[in-house]
Amino acid sequence: MKIKRIAAVMLSLALLCGLTAACGGSSSKNSGDAVYYLNFKPEQDKDWQTLAKLYTEETGVKVDVITAASGQYETTLKSEMAKSEAPTLFQVNGPVGLASWKDYCYDLSGSKLYGELSSDEFVLKDGGAVLGVAYVIETYGIICNKDLLGKAGYTTDDIKNFSDLKAVAEDITSRSGELGFSAFTSAGMDSSSDWRFKTHLASMPVYYEYKADGIISSPAIKGTYLDNYKMIWDLYINNSTTSPNLLGTKTGDDAVAEFITKKGVFYQNGTWAYGDVAKLGDDNLGMLPIYIGVTGEESQGLCTGTENFWCVNKNAPEEAIAATLDFMYWCVTSDAGVSAMCNDMGFVIPFKSNLPASNPLVNIANGYVAGGYVPVSWAFTTMPSEAWKNDLGSALTSYAAGTGDWDSVKAAFTDGWAKEYNLVNN
């Protein structure tokens, strides 16, 4: 009888395992050996979903990809990390982001993934620990429709500095009625678009101030190049498809629509936006540096760097950490993973397996480097906080609408920087 009772108990346990998938393979991110990736990039959501499904089919390991809404990654990460089934794989945007999350980051220095990097410059370290590994190198600038530019009587070779860009843009504006298009697409300040200006464009005066002072970060910004920031912002908002006082409601989708329907020649964005603009045809796509009127900018290239560093949640179960490390390694070494990242997502990946680019915007960026132009490094990864960016964005929007002045933008930039740096670091 005792043997029968034991057999009955074992049978019950087996049935329970079969019903709940609690034994053996996992079926959701609640399981100990599953991967939960909180993705930063909405534009690559479908690609990551497809890749996750492929990995699960190949290995039996469940990979759940949740994508944060544009501009909401930090808020989403904080919310998800507070849950019992927290992300096993997440990202930080650089040194500032790492400062907030380093207590959650697994040391990747002994991982196979770390060994696949093409350079040690693509990591975030805390002492000897490797807490973040970049998974994509990207470039941004002013994407342009070469066909429209030609109809206005110009080529990209006619634009070598801010004075040239200003002359071309203002000439197009003066003839926009007869041409049927504007110089710039809308500089929308909706949350889906404002990062292009409160972060990426704002990086330009920071980069040049750092360069002049021989530093790579600072607890305070002097604002040496804020007049230059004003020059390029004024050019954007006064020579576009949209009245400046309407920019607060304009979205990223609006700018894309304006560009691909040939309503604007210039569109500030990066190599990651190729999928949005590809329908214009590769031969029609050009890319210019963001000129802001700094002496010697004729030798300036495009803005190249990364704010995308993978981090593994060290507080996840050991099996989940191991599964996550395996997934990351597969992404950058397997034929399917590398093809998805380099071809489908259009990434330049900082790993030994990187493939030649099929993205023409990437090839334009490579052409600038080959031509000896100096890439502009991403200074925005040193910006003190998301609150600083939001305050700057609000000041820019008010200035454009005519309800605020440029002094308020300067104050948000300089006084706000020091204030937020102290809040974050003290």
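Helices, among them α15, are DSSP runs of H or I at least four residues long, numbered from the N terminus. The model described here is predicted.

**End of α15 and the loop after α12**

Just after α15, Gly346 takes a positive phi of about 75°. Helix α15 itself covers residues 335-344, and Gly337, Val338, Ala340, Met341 and Cys342 are buried in this helix. These buried residues pack against three elements: α2 (45-59), β11 (309-312) and α14 (318-333). In an α-helix there are 3.6 residues a turn, so residues three or four places apart point the same way.

A positive phi is also found at Lys262, which is not a glycine; its value is about 65°. Most residues other than glycine have a negative phi. Lys262 sits in the loop that joins α12 to β8. With a relative accessible area of 38%, Lys262 is partly exposed, because that class lies between the 20% limit for buried and the 50% limit for exposed.

**The chain as a whole**

The protein chain contains 18 helices and 12 strands. Its C-alpha trace spans about 95 × 50 × 40 Å along the principal axes. For 426 residues, a compact globule would have a radius of gyration near 22 Å, and the 24 Å of the protein chain agrees with this. Of the 426 residues, 49% are buried. The accessible surface of the protein chain is about 18300 Å², and carbon and sulfur atoms account for 51% of that surface. Among contacts between residues at least 6 apart in sequence, 74% link residues at least 24 apart.

**Leu302 in strand β10**

Leu302 belongs to strand β10. Is Leu302 buried or exposed? Leu302 has a relative accessible area of 3%, so it is buried. Leaving aside residues up to four places away in sequence, Leu302 touches Thr139, Tyr140, Gly141, Met287, Leu288, Pro289, Ala365, Tyr368, Pro375 and Val376. Thr242, by contrast, is 60 residues from Leu302 in sequence, and their C-alpha atoms are 26 Å apart.

**Pockets**

The two pockets are set side by side below.

| Pocket | Volume | Lining residues | Nonpolar / polar / charged |
|---|---|---|---|
| Largest | about 1200 Å³ | 45 residues | 15 / 17 / 13 residues |
| Second largest | about 610 Å³ | 24 residues | 14 / 8 / 2 residues |

Which residues of the lining lie nearest the centre of the largest pocket? They are Phe40, Ser70, Gly71, Gln72 and Trp195. Seven elements each give at least two residues to this lining: the helices α3 (73-81), α4 (95-101), α9 (195-201), α12 (252-260) and α17 (386-401), together with the strands β3 (89-92) and β8 (264-270). Helix α9 supplies the largest share, five residues. Two of these elements, α12 and β8, are also the ones on either side of the loop that holds Lys262.

In the second largest pocket, Thr306, Ser377, Trp378, Ala379 and Thr381 lie nearest the centre. Two or more residues of its lining come from each of β4 (123-126), α10 (203-213), β10 (300-305) and β12 (374-377). Strand β10 is thus named here as well as being the strand that contains Leu302. By class, the lining of the second largest pocket has 14 nonpolar residues, with eight polar and two charged.

Conventions. Residues numbered from 1 in each chain as written. Predicted model: local features only at pLDDT ≥ 70, side-chain atom pairs only at ≥ 80, totals over all residues. Heavy atoms only, no water. 1 Å grid on protein atoms, 1.4 Å probe; cavity = no way out; pocket = protein on both sides within 12 Å on 5 of 7 lines; lining within 4 Å. Points joined across faces, edges and corners; volume = space filled by probe spheres on them. Nonpolar A, V, L, I, M, F, W, Y, C, P; charged D, E, K, R; others polar. Rg over C-alpha atoms; globule rule 2.2 N^0.38 Å. Buried < 20%, exposed > 50% of the residue type's maximum accessible area, 1.4 Å probe, protein only. Contact = heavy atoms within 4.5 Å. Areas by Shrake-Rupley, 256 points an atom, 1.4 Å probe, with all protein chains shown as cover.
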